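Colleague: Could you take me through the contact between the two chains and then through the enclosed spaces?

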Amino acid sequence: MKVVGQSILRADAREKVTGQTLYIDDLQFPGMLHARVLRSPHAHAFIKAIDVAAARKVPGVRAVITGRPEEQDLGGGVYPLVGACIVDQPPMAMDRVRFAGEAVAAVVAESVAAAEQALKLINVTYQKLPAVLDVREAMAADAPLIHPDLGNYQMAKGFHPKPGTNIFHHYKLRKGDAKKAFKTCDVVLEQEFSYPHMSHVQLEPHGALARWEPTGGIDLYSSTQAPFVVRGYLARAFRLPLARVRVRAPAVGGGFGGKSDYTVEPLTAYIARHLPGVWVKLILEREEMFTSSVVGRGVCGSYKIGAKRDGAIVAAQVKYLLNAGGYGECAINVAVGGGQNSPGAYRIPNIMVDSYAVYTNRVPVGAFRGYGHPEGNWMSERMMDQLARELKMDPVELRLKNAYRAGDKNAIAQRLHPAQGDLPRCLREAAKAVGWKKGASNVTRTRTGIRAKAVCSFMKSPVQATNAQVSALLKFDEDGGAALIITTCDMGQGSATVYGQIAADALGLPLEKIRVLRDPDTSLFPSDWQTIGSKGTYTGGIAIIRAAEHAIEQIRTTAAKGLGVPRARVRYENGVITTGGKKRYPLHLFTNGYVRPDGRTIGGPVLGYGVYTPDLQIPGIPKPGLQEGQGKVSASWTFGAQAVEIEFNPKTGRIKVLQLVTAMDAGRIINPRLARGQTVGGMVQAMGQALMETMIYSPEGVLRNPRLTDYKIPSLEDLQDTDFKVIFVETPDHKGPFGARGLAEHSTVAIPACLGNALANATGQEIYQLPIKP
Amino acid sequence: MKHDIQLTVNGIPRNLTVTADDTLLRVLREELHLTGAKKGCGEGECGACTIIMNGEAIRACLVLAVEANGADILTIEGITPPNGITRVQQAFIEADAVQCGFCTPGFVMALEAELRRNPRATAADLRNALGGHLCRCTGYEAILQVTETLATSATRPKNTKKRA
């Protein structure tokens, strides 16, 4: 039976509902010690002195560690700076702090309680510096410099920092000539927008367990989406060969991008380095998840759109300013991905995007579900509705008129393949599902408030390194089953389930014969860049199918030699080998060598290997025949449309969300139930971002709401009256596994703009800042 | 200051020495190695540490170990039958109300407590029992489905009851 396309139950559900799944904080080792970290109370300051004498005397304390340069020196003035695209962050603050919450010292003790008691006795003398919190202030010529060494940092190719400023990357995208084109437009509109900083609020806090090996290497467990990337960061920072660093990932309790790149791993490894041979565990408290981890969003900017009277969009100009916080590595590519996709899912002949990644004295920003796309979408889709109003056109019709179609060249000059999805159909489906009436106001008054609807487009592509490979191994058992070994981390998105389905069908075997390993280990598992960008199913699926093909070739070779027939005659189908005659040989005869009647064995255990390598170029490097910022920089797009219906109560100001709709062309859906779960979950996260969530800073740059009591996320009560509609338009992808594309982040992208537009329809109030406060 | 306490945990009597500020959650997780209850926030705001104490669903991060002296405690490890799963657990699997799974034991224990207390609980009763439980993955649609399923099966006559 074929399983691709079926709603197979989640592979790890039973383990999870019985509480047996092990997450990072569930791991304990003999002799393990606990670390707690002292955090800077200031957003920007020099560290003048640290007194740890009293802390060292607390019973149970085994080490007190600071980040002072002499302590971080690996030898000869080499410091363990962390980064790949921009190498700018020490594991612990050295001589200055750049955000309130940055690690300044740590205590390792026999218990968390002892470590916390000792933390209180550490005395740090700071010299405060002016804090820069606003991105435009940080870009001003006279702004205090947060990284005076910006010009000296090691950086990857294609990034354009401006030494002597706080701008650590400027991504430019040019298509046509927007400046000229605006002069030919009948209508030009421009507006400023902002999307605040937010916390991912994964229910599981960040954590890592590290042990410095006697041979000088690092053995580390982490709640991570990115074991191989973490290994790379640690090896580069601590000047170790990759073979001396081992990273393992237990179950991940929610990622949403916040556990990609690096989180607490460099800090934990740095702390553990002081106690060689001992396992040191660091688990962040919830408050630290807000103040001292990687957070998301933090974009403001402007969108200018120009169109002809008939609704044809002629030009768009986007300014995209990423308030990246104190360090840049996790943020730098958000500015690139956000910039690339910010003009929107429309055929616009003239585009000008300037995207800036800017240091400020806030908590560092990193990936957050949607990776720069929801921010751009918030601008472009709010503008589309205003353009429709200005042109007196139906907003859905305006979108349909301009929507990308097969054959179009997009902003970065990649031609869209007919199999890359059908945006117009998604728009029609979303409009139909929400009950949109063409040409009507779509606003009604009820006893309890004003009901209004909105429909928006979205598109998303994974933003990935050009060498972001995924590899898969299929290791066969003696009974003809196989273990699938692939590093892609399942943090709840369901990759282990979907991968099992892909492997089962690629091999023509029943699902029960495939064991999908879920505990990645960089020393045992084949390489996989990281689990991000909704690329798992697409890239991992391709690698799995290739591994299956490779395995089948080995099986055919063993069968041909073992049975003494020409290889060309050996056929494999659904776990059965035939050689042209009636005889059907079961697979298990050939998976671990074929044993002849006399006992002689031909061939060996089958190990299928498959790899996916993207065919991509670096965005920031000029390419012949293309304009600035263009090129083959995205492997696939997923297009879709979303819609909402709200009821606004003018007396209370309350917005009730009645309908959340997504119509998405993610190609063939491997598992409809899991795909729906992802889509609904994403819509609710986006609803929270649009209506509830924001990180509030004091003027000095201290976070005022770093707790779940004050930072509210959607709860069950908020969703009791919401009707979810999810429609999958399944245009099979021409390259994806069984025709599939990525879908995990996408449903977060257009919901904020839908809600903003619906509120504008209901009240005439135009909101440009999130969260929406009517 | 150390205190000796006695607990019954999942039917097994336990004698423990704890400190005055030890939470029940830490003792269960680190001393008894019952790691099914999770620490998501440490201040009773997320529900991931929910267990059953003397028949009531409680947040183990808010209860001091010394306060639990003499209590009868059930954790998710204790409700799961050796060769099967409970009706609540089955409903979570079938509705795909589980994604990352970190909040799941807390949700399961809250519903388990409510159904033990009130076998004829309505969907509204079950939703109320989940007040203050946070899930960041599912968007709650599937969890709301679980409350419907359990309410339906709870009110169904016994002989037609769906077996887990």
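**Interface and cavities**

Modeller: In this predicted model, chain A and chain B together bury about 4100 Å², with 56% of that area on carbon and sulfur atoms.

Colleague: Which three residues of chain A supply more of the area that chain A buries against chain B than any other three?

Modeller: The contact draws 52 residues from chain A and 45 residues from chain B. Of the area that chain A buries against chain B, 19% is supplied by three residues, more than by any other three, and these are Val17(A), Leu203(A) and Leu716(A).

Colleague: How many salt bridges does the rule find across the interface of chain A and chain B?

Modeller: A pair that can be named is Glu43(B) with Arg707(A), whose side chains meet in a salt bridge at 2.6 Å, N to O. Polar contacts are counted separately, and with both residues at pLDDT 80 or more there are 26 residue pairs in polar contact between chain A and chain B. For salt bridges across this interface, the number that the rule finds is nine.

Colleague: Which helix gives the largest share of the side of chain A that touches chain B?

Modeller: Two helices of chain A, α1 (13-17) and α16 (672-691), each supply at least two residues of the side that touches chain B. By class, the residues of that side divide into 21 nonpolar, 17 polar and 14 charged. The largest share amounts to nine residues, and the helix that gives it is α16(A).

Colleague: What volume of space lies in the largest cavity, and which helix supplies the largest share of its lining?

Modeller: The structure holds ten cavities of 30 Å³ or more, and about 590 Å³ of space lies in the largest cavity. Its lining has 39 residues, with Gln493(A), Ser534(A), Gln678(A), Ala744(A) and Glu745(A) nearest the centre, and divides into 17 nonpolar, 17 polar and five charged residues. Helices α14 (495-507), α15 (536-563) and α16 of chain A each supply at least two lining residues. The largest share of this lining is three residues, and the helix that supplies it is α16(A).

Colleague: How many nonpolar residues are in the lining of the second largest cavity?

Modeller: The second largest cavity holds about 290 Å³ of space. Among its 23 lining residues, Gln89(A), Phe99(A), Tyr262(A), Thr263(A) and Ser292(A) lie nearest the centre. Sorted by class, this lining has three charged residues and five polar ones, and the number of nonpolar residues is 15.

Methods: Residues are numbered from 1 along each chain as its sequence is written. Chains are lettered from A and ligands numbered from 1 in the order in which they are written. This is a predicted model: local features need pLDDT of at least 70, side-chain atom pairs count only at pLDDT 80 or more; totals for chains, interfaces and linings use all residues. Side-chain values use heavy atoms; hydrogens and water are left out. Contact means heavy atoms within 4.5 Å. Buried area is the accessible area (1.4 Å probe) that two parts lose on being put together, summed over both. A salt bridge is a side-chain nitrogen of Lys or Arg within 4 Å of a carboxyl oxygen of Asp or Glu. A polar contact is a pair of N or O atoms within 3.5 Å; within protein, one must be able to donate a hydrogen and the other to accept it, and residues adjacent in sequence count only if both atoms are side-chain atoms. Helices (H or I, at least four residues) and strands (E, at least two) are DSSP runs, numbered from the N terminus. Ala, Val, Leu, Ile, Met, Phe, Trp, Tyr, Cys and Pro count as nonpolar, Asp, Glu, Lys and Arg as charged, and the others, Gly among them, as polar. On a 1 Å grid over the protein atoms alone, a cavity is a set of points where a 1.4 Å probe fits but cannot get out, and a pocket is an open set with protein on both sides within 12 Å along at least five of seven lines; lining residues have an atom within 4 Å of a point. Grid points are joined across faces, edges and corners, and a volume is the space filled by probe spheres set on the points.
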